[in-house]
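Work through the exercises below with the sequence and the model open. Each task is followed by a solution in steps.

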Amino acid sequence: MSLSTTPPEGVRVVLGAQWGDEGKGKLVDILAAQADICARCAGGNNAGHTIVANVDGKRTKFDFHLLPSGLVNPDCTAFIGNGVVVHVPAFFEELDNLTKKGLNCDGRLLVSDRAHLVFDFHQIVDGLKEAELGGKSIGTTKKGIGPTYSSKASRSGLRVHHLFDEEAFATKFRKLVEGRIKRYGHFEYDTEGEILRYKELAARLKPFVVDGPTFLHKALLAKKRILIEGANALMLDLDFGTYPFVTSSPTGIGGVCTGLGLPPKAIGEVVGVVKAYTTRVGAGPFPTEQLNSIGEHLQEVGAEFGVTTGRRRRCGWLDLVVMKYSHLINGYTLLNLTKLDVLDKLPTLKVAVAYHLDGKPLDAYFPADLDTLAKVEVQYVELPGWEQSIEDVTKFEDLPENCRKYVEFIEEYLGVKVGWIGTGPARESMIARA
């Protein structure tokens, strides 16, 4: 039986293993076919997944940002956990767009009452913060994610449950806006208009809201099959990523527990999604980046443009130093190697296997200091390409020999089995290894 149809014992988690944009949504879509619940645990509508699926016999592309992409499975309930920050207008805009494309989400989309709220002024502040940083800007999506998590950490934020006490919400909201104006100076914002707007949004949102921990633990007791959809990726983790060029939430395995209220013992399988090369958006060191024809090939053939922002992604060779560090933190039990077909036409491939500094190997798995990271000398292993299309291949054994060797080299270096291999953009272009 294929791995795609055999749910594990315990909760199954899918996490980004690099700097994001690895193609997590496609695997989540496949695995959600065997899940009762698909949950998001971190991030907000700064995330982005594109899924191509058949709805009523029609091939349709769905863009997910805030909502769990498991919604494509009509029998799966989607849950937004307390670790996610929710921009309510974006929530409904995305839901309405999915509905217009033929996806019926009635009764199977839920939101934790403990999730923090993203407001439009958070998005304004996001832009002001980036401008304040000038040439050292982080390169955020300006969706208000960072300022919202900042409000959460300073204990001044508002959560979903606050929406349902109109008087208390209005008081807290005014105070929160005033605090941001004191910090950043006056900016145009209709505070009273927003209070009225959220009175209407609260009424529309209320049917979706549940007590998060109670909902999930009842599901665990009922032996429901739970799939966790990570957002962003380990190298954007607030603690373990390339700080400060990171997101504002825990994107690794720890964020699964804190973002949903799940105990570690509930987790049964951790799938790391890794692109067959490396990409990242925004600023920050990128040791294997290729500012040449290779980088251009990866960008164009891989259609490396952000789903949420449309930004071009920076591209480079696969970095197994990053992956080894990522595995150290998240403890992957399986890998999903995506976009392997993007390498089809390259005669020679390079894979980063070590970092040197001043001619000597680095002792650290991955350096914390970005000045050090910017100076590392990347050590590569060269592997022969396969120079033929693999898009229609359905079995690992039928891949070209050099293609199989590329996959096996990754497995041997990391000590983790590659369970799924992406060979094209369509949902069915995925090899599941038995």
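**Exercise 1.** Locate Gly48 among the secondary structure elements and classify its exposure.

*Solution.* In this predicted model, Gly48 sits in the loop that joins β2 (37–40) to β3 (49–55). Its relative accessible area is 26%. Buried means under 20% and exposed means over 50%, so Gly48 counts as partly exposed.

**Exercise 2.** Find which residues carry the UniProt feature "binding site", and state how they are arranged in space.

*Solution.* Step 1: the unreviewed UniProt entry places this feature at Asp21 and Gly48. Step 2: these residues spread over 28 residues of sequence, yet they cluster in space, with a largest C-alpha distance of 7.7 Å. Step 3: both Asp21 and Gly48 belong to the lining of the second largest pocket.

**Exercise 3.** Describe the surroundings of Asp21.

*Solution.* Step 1: Asp21 lies in the loop between β1 (11–16) and α1. Step 2: with a relative accessible area of 25%, Asp21 is partly exposed. Step 3: set aside the neighbours within four places in sequence; Asp21 is then in contact with Lys275, Thr279, Val281 and Arg313.

**Exercise 4.** Helix α1 comes after that loop. Determine how many of the residues of α1 are buried.

*Solution.* Helix α1 covers residues 24–31, and 8 of its 8 residues are buried. Charged residue types are on the list, including Lys24, Lys26 and Asp29. Leu27, Val28, Ile30 and Leu31 are buried as well, as is Gly25.

**Exercise 5.** Explain why helix α8 is described as largely enclosed, and say what follows the helix.

*Solution.* Step 1: α8 spans residues 253–260, and because 6 of these 8 residues are buried, the helix is largely enclosed by the rest of the structure. Step 2: the buried ones are Ile253, Gly255, Val256, Cys257, Gly259 and Leu260. Step 3: after α8 comes Gly261, which has a positive phi near 80°.

**Exercise 6.** Identify the residues of the largest nonpolar core that touch the most other members.

*Solution.* Step 1: in soluble globular proteins, nonpolar side chains tend to be buried together. Step 2: the largest nonpolar core here has 74 residues, and those touching the most other members are Phe79, Ile228, Val256, Leu260, Leu340, Leu343 and Tyr406. Val256 and Leu260 are also among the buried residues of α8. Step 3: beyond four places in sequence, Leu343 touches Ala276, Tyr277, Leu298, Leu349, Trp386 and Tyr406. Step 4: another core, of 44 residues, lies apart from this one and includes Phe62, Val86, Leu158 and Tyr198.

Methods
Residues are numbered from 1 along each chain as its sequence is written. This is a predicted model: local features need pLDDT of at least 70, side-chain atom pairs count only at pLDDT 80 or more; totals for chains, interfaces and linings use all residues. Side-chain values use heavy atoms; hydrogens and water are left out. Buried means under 20% relative accessible area, exposed over 50%, partly exposed in between (1.4 Å probe, protein chains only). Helices (H or I, at least four residues) and strands (E, at least two) are DSSP runs, numbered from the N terminus. UniProt positions are given in the numbering used here, feature names are shortened, and annotations may be inferred rather than shown by experiment. On a 1 Å grid over the protein atoms alone, a cavity is a set of points where a 1.4 Å probe fits but cannot get out, and a pocket is an open set with protein on both sides within 12 Å along at least five of seven lines; lining residues have an atom within 4 Å of a point. Contact means heavy atoms within 4.5 Å. A nonpolar core is a set of buried Ala, Val, Leu, Ile, Met, Phe, Trp, Tyr and Cys residues joined through side-chain atoms within 4.5 Å.
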